[in-house]
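Work through the following exercises with the model open beside the text, and try each task before reading its solution.

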Amino acid sequence: MVRDWRETWEREGYLVVPGIFEAARVERLRAIADGIHEQWIACDPQTGQPRSNPDEHCMRHLNHAAYFHDRPAADFSELMDAVADDLILGIARAILRETPLFRCTTYWFNPRKTSVDGNWHRDLQFMAKSEEEERRRMEAAIAAGESAIQMQIPLVDSDDIEFVPRSHLRWDTPAEYEIRCAHGRANNTSNRMPGALRLALKAGDAALFNPNGLHRGRYHADKPRRTLMFTYTKASRPLFDYFSDQPWFREPGYLDRLTPRTRAFFEPFVAEYQDRWKQAQELQPA
Ligand SMILES: [Fe+2]
């Protein structure tokens, strides 16, 4: 099984593992995530402000400590146990060929008002200042076999992700380039991407994809979406940025509510970043 996961991932750039969470666990996670989502709309703990835009379709950091001050400790354990689930970490370890390091939790949900088709992209394009740099980063990622994992687990059935298999191993073909990049990216929401595969997922399935491959989401108000996303990196390739900047892990007792096994998964994350969190907090205006 480990070899199948790894081979499919390396060849295709994505992997679907059906039924990773059973129905009762999906229900529990959905109740918790929806409660956090409602709290975020009322007041985002990272800004202290309500989220008034009805067309937002994702939130980060469901594990922020502020969401659990008034919730049962069991809810926090349930969420963190899911991130550190043995099967999930086994898949992540097989794919990365080393110990996975936690990076971030995300919740995807349908917008409440306006429907849009997502734009085709490779995540590394958002880190590059020019197309030349993007191409260099892509080539370097391929040469190094670089691989981060975005693992999406829908809590209601969803076919909102599209991916172009094998596109993580090469630069765009002319037809792909025409859609993703050309004309100032004016065509990047096209529904005619060659080879695009829409992943039809049942609640509790897991879909993993290499974010350097061509992919996009779909954000339609009339298509219910409630999808958890867990991201992991190689422990040898940590990256400090908005996603890993999670200073609430330093709050006294934050990890004490977890089982020893789950806590053991998050401890290397704290060890890796705690000095950076401290520095970042000290730089913030009082
Ligand atoms: Fe993306």
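## Exercise 1: the sheet

Four strands form an open sheet in the order 4-9-6-7, and their pairing is antiparallel. The edge strands are strand 4 and strand 7 (197–201), each of which pairs on one side only. This is a predicted model, in which local features need pLDDT of at least 70 and side-chain atom pairs count only at pLDDT 80 or more, while totals for chains, interfaces and linings use all residues. Residues are numbered from 1 along each chain as its sequence is written, and side-chain values use heavy atoms, with hydrogens and water left out.

**Task.** Find which residues of strand 9 stand opposite D117, V116 and I161.

**Solution.** Begin with the terms: strands (E, at least two residues) and helices (H or I, at least four) are DSSP runs, numbered from the N terminus, and two strands pair if DSSP finds at least two bridges between them.

Step 1. Strand 4 and strand 9 pair in the antiparallel sense over two bridges. Along this pairing D117 stands opposite R218, and V116 has Y219 as its bridge partner.

Step 2. Strand 6 (residues 158–163) is also paired with strand 9 in the antiparallel sense, here over three bridges. The partner of I161 in strand 9 is G217.

## Exercise 2: the cover of strand 9

**Task.** Decide how many of the residues of strand 9 are buried, and on which side each of them lies.

**Solution.** Buried means under 20% relative accessible area, exposed means over 50%, and partly exposed is in between (1.4 Å probe, protein chains only).

Step 1. Strand 9 is mostly covered, since five of its five residues are buried.

Step 2. In a regular strand the side chains alternate between the two faces of the sheet. In strand 9, H215, G217 and Y219 lie on one side and R216 and R218 on the other, and all are buried.

## Exercise 3: the iron site

**Task.** Name the residues that coordinate the iron ion, and say where D123 and H215 lie along the chain.

**Solution.** Donors are N, O and S atoms within 2.8 Å of the metal (3.2 Å for Na, K and Ca), and water is not among the atoms, so sites may look incomplete.

Step 1. The iron ion is coordinated by H121 (NE2), D123 (OD) and H215 (NE2), at 2.2 Å. Along the chain these donors follow the spacing H-x1-D-x91-H.

Step 2. The pair D123 and H215 links distant parts of the chain, 92 residues apart: D123 is in the loop between strand 4 (116–117) and helix 5 (131–144), whereas H215 is in strand 9 (residues 215–219).

Step 3. D123 has a relative accessible area of 18% and is therefore buried, and H215, at 5%, counts as buried too.

## Exercise 4: a neighbour of D123

**Task.** Describe the surroundings of Q150, starting with its place in the chain.

**Solution.** Step 1. Q150 belongs to strand 5 (residues 149–154), and with a relative accessible area of 12% this residue is buried.

Step 2. A polar contact is a pair of N or O atoms within 3.5 Å; within protein, one must be able to donate a hydrogen and the other to accept it, and residues adjacent in sequence count only if both atoms are side-chain atoms. The side chain of Q150 makes such a contact with the side chain of D123, at 2.9 Å.

Step 3. Contact in the wider sense means heavy atoms within 4.5 Å. Leaving aside residues up to four places away in sequence, Q150 touches D123, A207, L208, F209, P211, M229, F230 and T231.

## Exercise 5: two helices

**Task.** Compare what is found in helix 4 with the backbone angles of H183 and R185.

**Solution.** Step 1. Helix 4 (residues 86–96) is mostly covered, with eight of its 11 residues buried, among them I88, L89 and G90. At its start a side-chain oxygen of D85 reaches to within 3.0 Å of the backbone nitrogen of L87, and just after the helix R97 takes a positive phi of about 65°.

Step 2. Most residues other than glycine have a negative phi, and most peptide bonds are trans. H183, which is not a glycine, has a positive phi of about 55°, and for R185 phi is positive as well, near 65°.

Step 3. H183 is in helix 7 (residues 182–185), and R185 lies in helix 7 too. H183 is exposed, with a relative accessible area of 56%, whereas R185, at 29%, counts as partly exposed.
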